[in-house]
Structure formats: structure tokens, C-alpha cells
Protein chains: 2
Amino acid sequence: MSSSQMLKGILDGCLLGIIHKGETYGYEMIEKLEIYGFRMVSEGSIYPVLMRLQKDGFVHSVMKESPSGPKRKYYTLTPAGEEEYEQFKERWESLSHSVNRLVKEEN
Amino acid sequence: MSSSQMLKGILDGCLLGIIHKGETYGYEMIEKLEIYGFRMVSEGSIYPVLMRLQKDGFVHSVMKESPSGPKRKYYTLTPAGEEEYEQFKERWESLSHSVNRLVKEEN
DNA sequence: CATGCTATCTTGTATTACAAAGTAGCAGTT
DNA sequence: AACTGCTACTTTGTAATACAAGATAGCATG
């Protein structure tokens, strides 16, 4: 039972959420996740997720020049991605309420 | 991205929580999970978890007669199990706050 | 030209939820 | 007695997926 196991099935929804807030690229998403409090989400975790999201038609990507450094792959949500994000939020609401009822219940 | 993936790393903590509330057995835990709102957590999910928890020394089990039906394996938390449950709650707090910041943030 | 930061991708591994199937006890009905 | 359905636990195989580790490469600064 580790923290990383708890991320399963949540990470992809969180990435949809971050892209939903505005076009962004992989490397920057890692920094944003850290700001939200996610500890040590590594590149090896998110790049495969981004590719899966694209394969499933939830995101669209464009290569753009960086003002300094290598090119960046910027992601945006497709309509299907917006819909998927809405569904993720509902699933998260349901799950987190269940866990909180259990964990915070007095007795 | 399915609901079942979101359970990963959470189910074992929830089982610790249910046992923490009082001695109980596998079949009954499934019913209790349903009451808390967990949808369709099947036997094939929880029995392997219970065996892992026992192997790791977090729970102790005793076979007892049922007033009707086959014998039941009743579980209780060991001190290490109580400690593990406390740590799970902290990890859950941290993770759920991070996700909620992301998901509920206005922008 | 060497170092370090930025940026992406790939491979292999470990974890784990779950479907499916099996075993078996007991109660009530036919 | 045989059948049906509920209770109760176990095992096997599969699919999903987070992540470590490593590879590749552009750019800037000293």
C-alpha cells in the first residue's frame, strides 16, 4: 500500500483537469501537479498517460517552439476530453464521499 | 479510466477502516462497503486483500461458527494494523485535498 | 566545450482490482 | 431425498497502470 498506488485511475483525470484550465505541455504539468500537492509525479508517469489520452481522442497536441530550450508539445482538450473530465469529476465525488464517510465517521 | 482503477491503493485502507470499527468477516465487509457507497466491490477483490493484510501482520483472524451457514473468518486489527490505518488516513487526506484543489478550483 | 536545465520518449517491473470458477455448509421447499 | 438459493471462502488468470531508469536532444551560460 503506497502513495503511488493511490494515484491509479486518478492521475489521468487530474491531467485532464490541468489541461482543462488552459493549454499546457508535459513538463509544465509536472510542476503544476507539485503545486497542487502531488508529491513526486515523475515524467515516466505522465508521458504515457498523455499518449493514452491522445490515442483515446481526449486531447489534441501541437508542437511549438520554446523561447528557450527544446520544442514543447502543447495539449488541449477535445470535446470528448471535456466530457470525460466531467465524468471523472462525478466518479471522484462519489468515491471520495464514500471514503470520507468511512474514515471520518466517529465510533 | 474506470472506477475500479480508482480503488487501487484505497481498498486496503478502507478494509482496515471497517475492521477498525469492530471485528467482522469478509462477506459482511462487502455489504458494509456497499452501505458506504462503494459500488460492486466483489469477493475476488477483497479476499486477496485480506490475505495480504494478514501476511503483512496488519490483521489477525479467527474462524467462528455462524448461527446459520458456513463458518466465518473474523478479522481484527493488530497494533501494526492500527498504525497502518492511521498512515492511510494521512495519505488519503493529502491526496484528496490535492485532487479537490484541482477539481474544485474556479478559473 | 562542458555542464546543467529543459523537454520528450521508451522499456521493463511491480502492484493490484476483478471476473470467473470452484468448494462447501446450511435452510427451506417440493 | 433431491433441489434451490443463500452464505462464505479460495484460487487462477488477466488487464490496467504508476514509476524507476535510461536514452535522446535542444539550448544557454560559464
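The exercises below, each with a worked solution, concern a predicted model of protein chains with DNA strands.

**Exercise 1.** State which helices and strands make up chain A, and in what order they run.

Solution. Start with the count: chain A has five helices and three strands. Next, read from the N terminus, which gives the order α-α-β-α-α-β-β-α. For the dimensions, take the principal axes; the C-alpha atoms of chain A then fill a box of roughly 60 × 30 × 20 Å. Lastly, 44% of the 107 residues of chain A count as buried.

**Exercise 2.** Describe the protein surface near DNA strand C, and find which elements supply at least two residues of it.

Solution. First, list the surroundings: 27 residues surround DNA strand C, and the closest are A:Arg72, A:Lys73, B:Lys8, B:Gly44 and B:Ser45. Second, assign elements. Chain A supplies at least two residues from each of α3 (26–36), α4 (43–55) and β3 (72–77), and chain B does so from α4 (43–55). Third, sort by class: this surface has 10 nonpolar, 10 polar and seven charged residues. Fourth, look at the DNA side, where 70% of the atoms of strand C within 4 Å of the protein belong to sugar or phosphate and the rest to bases.

**Exercise 3.** Identify partners of the phosphate oxygens of DNA strand C and give the distances.

Solution. Take the side chains, then the backbone. An N or O atom in the side chain of A:Lys73 is 2.5 Å from a phosphate oxygen. For the side chain of B:Ser45, the corresponding distance is 2.7 Å. At B:Gly9 a polar backbone atom is 3.1 Å from a phosphate oxygen.

**Exercise 4.** For DNA strand D, find which parts of the strand the residues A:Lys8, B:Gln5 and B:Tyr27 contact.

Solution. The 26 residues around strand D include A:Gly44, B:Glu43, B:Tyr47, B:Arg72 and B:Lys73, which come nearest. Of the strand D atoms within 4 Å of the protein, sugar and phosphate account for 69%. Now take the contacts one by one. The side chain of A:Lys8 places an N or O atom 2.8 Å from a base oxygen. The side chain of B:Gln5 has an N or O atom 3.3 Å from a sugar or linking oxygen. A polar backbone atom of B:Tyr27 is 2.9 Å from a phosphate oxygen.

**Exercise 5.** Decide whether A:Met51 is buried or exposed, and name the patch it belongs to.

Solution. A:Met51 is found in helix α4 of chain A. Its relative accessible area is 53%, so A:Met51 is exposed, the cut-off being over 50%. With A:Tyr27 and A:Tyr47, A:Met51 forms a nonpolar surface patch of about 330 Å² accessible area together.

Note on methods: Residues are numbered from 1 along each chain as its sequence is written. Chains are lettered from A and ligands numbered from 1 in the order in which they are written. This is a predicted model: local features need pLDDT of at least 70, side-chain atom pairs count only at pLDDT 80 or more; totals for chains, interfaces and linings use all residues. Side-chain values use heavy atoms; hydrogens and water are left out. A residue is near a molecule or strand if one of its heavy atoms lies within 4 Å of it. A polar contact is a pair of N or O atoms within 3.5 Å; within protein, one must be able to donate a hydrogen and the other to accept it, and residues adjacent in sequence count only if both atoms are side-chain atoms. Helices (H or I, at least four residues) and strands (E, at least two) are DSSP runs, numbered from the N terminus. Ala, Val, Leu, Ile, Met, Phe, Trp, Tyr, Cys and Pro count as nonpolar, Asp, Glu, Lys and Arg as charged, and the others, Gly among them, as polar. Patches are made of residues with over 30% relative accessible area and no salt bridge: like charges are joined within 9 Å, nonpolar side chains (Val, Leu, Ile, Met, Phe, Trp, Tyr) within 5 Å. Accessible areas come from the Shrake-Rupley method with a 1.4 Å probe; for residues, only the protein chains shown count as cover. A salt bridge is a side-chain nitrogen of Lys or Arg within 4 Å of a carboxyl oxygen of Asp or Glu. Buried means under 20% relative accessible area, exposed over 50%, partly exposed in between (1.4 Å probe, protein chains only).
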